[in-house]
Amino acid sequence: MKILVTGVAGFIGCFTAISLLEKGHTVVGIDNLNDYYDIDLKENRLKIIPSDNFRFIKCDLIDHEVVDSIFENEQFDVVINLAAQAGVRYSIENPRAYIDSNLIGFANILEACRHNSVGNLIYASSSSVYGGNTKIPFSVKDNVDHPVSLYAATKKANELMAHSYSHLYHLPTTGLRFFTVYGPWGRPDMAYFSFVKNILSGQPISVFNHGEMHRDFTYIDDVVNGIVSLIGIPAGKDLGWDSNNPDPSSSSAPFRLYNIGNNKPVKLTKFIQTIEDVLGVRAHKNYAPMQMGDVPSTFADIQELAQLVDYEPKTDIEHGIREFVSWYREYYPDLG
């Protein structure tokens, strides 16, 4: 198949493209290479993507004319939209970046898919949509109408926008709620990245909510396996969907939502201890209150995806951290 991966210079986008190419697909990748974090890291990710059957186009999704032209010229079978302005806390500081990328950019993707008869749109949502929910594990069948950050609100909005296009234009859309993705080549704004950097340089690390937090850390390989397993399974109508008792994860339209998580939350203090053990260095810890927009726990119920494609995360936190630290020390030899 010919597949578009947006955000291809991003962490998840890069490894999704690599996996698709290894399976024999043709991949077009687009990214705007913005400076939210180190552009060199993004450009170096692009260099590890095999060049055969891959083409990169620098493009910003808010430019609808360029997006439309790419879709018209390429005629994609599948679109995997991973481009977004990421980060919960940055959405408090710079909300307009999220409006432009996550709302306007996604609207342009939906329009291009509609006008070019794309057979399967898969897009990134986030565990952040669960917001103030306290029932765990988080299920795609739960109501998620109380986001606690603008980032989360834009991801919830993406799901609503996708449903409207599924309903109006019969566009098959599948939203994937990712849970704290980590691993080699990851995002420098993520906590685990800064933990390793600060511990190795002798700087203190900030431990929010005094360490009383749990995260469903999910290794990059497990996330990519979940994404790629769905490229041949476009969302279908739920023939048993009941409008009097609506299931938020499906619809009478071709629309689906799935969690992609590890299904094994780890306490933040345990996570830090694992990093310390792998590095062989103890961290200097500054304990602090919860940050604005953050939540105390995430925990993915993955049974829907497991039933559909036998999705089963295989990477435990110890192995995942070892892999990340090994990469970090190679990529940053002066720091590692």
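A salt bridge is a side-chain nitrogen of Lys or Arg within 4 Å of a carboxyl oxygen of Asp or Glu. With that idea in hand, let's walk through the structure above, keeping in mind that it is a predicted model. Side chains of opposite charge can pair when their charged atoms come close. Arg-282 and Asp-277 are a good pair to start with: their closest N and O atoms are 2.9 Å apart, and they form a salt bridge. Asp-277 has a relative accessible area of 46%, so this residue counts as partly exposed. The two are also part of a network of salt bridges, in which Glu-276, Asp-277, Arg-282 and Lys-285 are linked.

How many salt bridges does a search of the whole structure find? The total is 13. One of them joins Glu-74 to Arg-55, with 1.8 Å between the closest N and O atoms. Find Glu-74 in helix 3, which covers residues 64-74, and Arg-55 in strand 3, residues 54-58; because the partners sit in these two elements, the pair ties together parts that are 19 residues apart in sequence. Is Glu-74 buried or exposed? Its relative accessibility is 12%, so Glu-74 counts as buried. Arg-55, on the other hand, is partly exposed, at 40% relative accessible area.

Now turn to Glu-318 and Lys-270, which form another salt bridge, with their closest N and O atoms 3.8 Å apart. Glu-318 belongs to helix 11 (residues 317-331) and Lys-270 to helix 9 (residues 268-279), so this pair ties together parts that are 48 residues apart in sequence. Both partners fall into the partly exposed group: Glu-318 has a relative accessible area of 29%, and Lys-270 has one of 39%.

Next, let's look at the spaces within the protein. The structure holds one cavity of 30 Å³ or more. The largest cavity contains about 30 Å³ of space. Which residues line the largest cavity? You can pick them out as Ser-127, Ser-128, Tyr-130, Gly-131, Phe-138, Val-295, Ser-297 and Thr-298. Sorted by class, this lining has five polar residues, three nonpolar ones and no charged ones.

Pockets, unlike cavities, are open. The second largest pocket holds about 220 Å³ of space. Its lining is made of 15 residues, and the closest to the pocket's centre are Lys-156, Leu-160, Pro-248, Phe-255 and Leu-257. Where does the lining come from? At least two residues each are supplied by helix 6 (150-169) and strand 11 (255-260). Helix 6 gives the largest share, with four residues. Charged residues do appear in this lining: six are charged, six are nonpolar and three are polar.

Our last stop is on the surface. Here Ile-62, Ile-99 and Ile-104 make a nonpolar patch of about 220 Å². To find one of these residues, follow helix 5, which covers residues 95-115 and includes Ile-99. How much of Ile-99 is accessible? Its relative accessible area is 35%, so Ile-99 is partly exposed. That value also fits the rule for patches, because their residues need over 30% relative accessible area and no salt bridge.

Definitions and conventions:
Residues numbered from 1 in each chain as written. Predicted model: local features only at pLDDT ≥ 70, side-chain atom pairs only at ≥ 80, totals over all residues. Heavy atoms only, no water. 1 Å grid on protein atoms, 1.4 Å probe; cavity = no way out; pocket = protein on both sides within 12 Å on 5 of 7 lines; lining within 4 Å. Points joined across faces, edges and corners; volume = space filled by probe spheres on them. Nonpolar A, V, L, I, M, F, W, Y, C, P; charged D, E, K, R; others polar. Buried < 20%, exposed > 50% of the residue type's maximum accessible area, 1.4 Å probe, protein only. Patch = residues over 30% accessible without salt bridge, like charges linked within 9 Å, V, L, I, M, F, W, Y side chains within 5 Å. Areas by Shrake-Rupley, 256 points an atom, 1.4 Å probe, with all protein chains shown as cover.
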